[in-house]
Amino acid sequence: MSYDFDAPLEIRGTGSDKWDSVAEGVIPLWVADMDFAAPPELTETLTGRASRPFYGYNKRRPDYAGAIVSWYREQYGVTIGAADILPGPGTVPSLGAAVRAFTRPGDGVFIMPPVYVPFYQVIRENGRKTVEAPMRGGEDGRFVFDRAAFEKAIDAAASAGVAAPLALFCSPHNPGGRVWSGEEIAAFLDFAESRNMIVAADEIHGDFVFGGEGGTPGGFVSTAAFPNHAGRLITVSGANKSFNIGGLHVSHIIVRDENLRAKLGKVLAADFHHSPDIFSELAVETCYKSCGPWLAELKTYIKRNLEEAAGFLNDIPGIKAWVPGGTYLLWARVQGLVERAGCKDDLELVERLESEAKVKITNGSMYGGAGAGYARINAACPRKLLLEGLGRIKTWAKQF
Ligand SMILES: Cc1ncc(COP(=O)(O)O)c(C=O)c1O
């Protein structure tokens with residue numbers, strides 16, 4: 001290893017949501033960013049730029065789109081064109097733009113809970129309705145699509161007078177950590193076609209795929225690899241998760257179809273969003289061009305974190321955890337502990353863990369009713385800290 005992911009990083013006091021929103025002494029294993037120092041190549045480039053005391057209006061960097069194109073080719077084996085890329089103001093705001101571009105107020109937007117909470121927000125705050133088809137959780141903890149539930153949800157919405165012209169698709173899946181196989185993605189896109197839905201795929205976790213799950217021996221399959229569905233597909237991603245630059249609020253949106261691109265571009269133009277800021281653009285370009293080796297080493301480190309954490313959690317009576325196929329997030333069934341500890345639900349459990357055991361994790365029902373009885377644990381931190389946090393859960397659980 002040439003990067004030291006065991007090194008503790010002092011984050012409190014930087015304005016971090018994950019660290020500075022919890023009381024001193026609490027180990028935060030919640031918000032999905034990582035407690036590792038940024039790639040040194042990135043820090044060097046950004047501080048170098050910051051030392052030039054001019055931060056005025058920027059024109060687009062000529063290599064920005066090319067760096068994204070190369071990343072798709074090298075990492076996912078997908079050929080996209082620079083002209084297919086729209087710069088977005090962050091993954092979630094880009095999904096919000098898609099909601100406004102492809103639906104009308106009062107329309108429905110199809111989602112599959114449990115799912116990343118802001119999906120609900122970008123739908124509801126834009127005056128649209130969620131059309132929810134909960135996923136089925138298998139015994140092995142892996143969520144599976146339930147086509148019958150999809151059809152039922154859309155039919156029920158239609159009979160209530162709500163059309164669903166758009167689906168938000170989370171791939172890899174947060175919070176479940178599922179990595180959809182090429183066959184599953186193709187099946188989902190076929191379903192969308194049968195219902196005449198546009199699909200906005202959120203692929204922000206795409207670089208954290210460890211292989212081996214659900215027919216994905218090599219890794220991540222991007223929806224951008226399905227040009228036959230280009231007429232109904234927008235793919236939203238970014239370097240945020242992969243290189244821990246979420247605070248820069250930058251994303252890219254791949255839209256091969258000219259018509260869809262024009263519609264989405266119009267919504268972004270209405271907010272006068274035409275370019276990332278100077279630091280974000282430089283950061284994305286640097287990450288994709290120079291920080292691949294950092295990410296490759298980090299993935300090995302995180303995979304071991306996930307395996308050790310799942311093993312550790314499975315020793316705690318009332319918890320069942322699974323090593324995810326992707327993301328740095330562990331999804332665990334905690335209902336047994338909810339009951340043993342006499343908690344009302346998973347929310348009360350995580351609240352008590354925070355106040356009594358001094359460790360903060362996320363409760364599953366936050367992601368929709370289908371997540372009730374589960375919890376999400378962020379494993380992207382130095383292993384010692386992770387195991388200390390999980391140790392606190394174990395010690396706390398012993399009293400019941
Ligand atoms: C599925 C998913 N989409 C989007 C985001 C946030 O992306 P951004 O910071 O680019 O809006 C997250 C962060 O946790 C996420 O898990």
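**Helix H14 and its setting in the chain**

Helix H14 covers residues 383-397, and at 1.5 Å a residue its 15 residues should span 21 Å; the end C-alpha atoms are 21 Å apart, so the expected and actual spans agree. The model is a predicted one. Within H14, the buried residues are Leu 386, Gly 389, Leu 390, Ile 393 and Ala 397. These residues lie on the same side of H14, because the arc they cover around the axis is only 90°.

**Surroundings of H14**
- Lys 384 and Thr 395, on the other side of H14, are exposed.
- The cover over the buried residues of H14 includes two strands, E1 (27-28) and E13 (359-360).
- Helices H11 (292-313), H12 (335-340) and H13 (346-357) are also among the elements that cover these buried residues.

**The protein chain as a whole**
- The protein chain contains 14 helices and 15 strands.
- Its radius of gyration is 21 Å, close to the 21 Å that the globule rule gives for 400 residues, so the chain is as compact as a globular protein of that length.
- The C-alpha trace spans about 60 × 60 × 35 Å along its principal axes.
- Buried residues make up 50% of the 400 residues of the chain.
- Of the contacts between residues at least 6 apart in sequence, 70% join residues at least 24 apart.

**The ligand shell**
- The ligand is surrounded by 13 residues, of which Ala 32, Gly 90, Thr 91, Val 92 and Asn 174 are the closest.
- By type, the shell holds 5 nonpolar, 7 polar and 1 charged residues.

Definitions and conventions:
Residues numbered from 1 in each chain as written. Predicted model: local features only at pLDDT ≥ 70, side-chain atom pairs only at ≥ 80, totals over all residues. Near = placed C-beta within 6 Å. Nonpolar A, V, L, I, M, F, W, Y, C, P; charged D, E, K, R; others polar. Helix = DSSP H or I, 4+ residues; strand = E, 2+ residues; numbered from the N terminus. Rg over C-alpha atoms; globule rule 2.2 N^0.38 Å. Buried ≥ 20, exposed ≤ 12 C-beta atoms within 10 Å, placed from the backbone. Contact = placed C-beta atoms within 7 Å. Expected span 1.5 Å × (residues − 1). Arc of directions from axis to C-beta.
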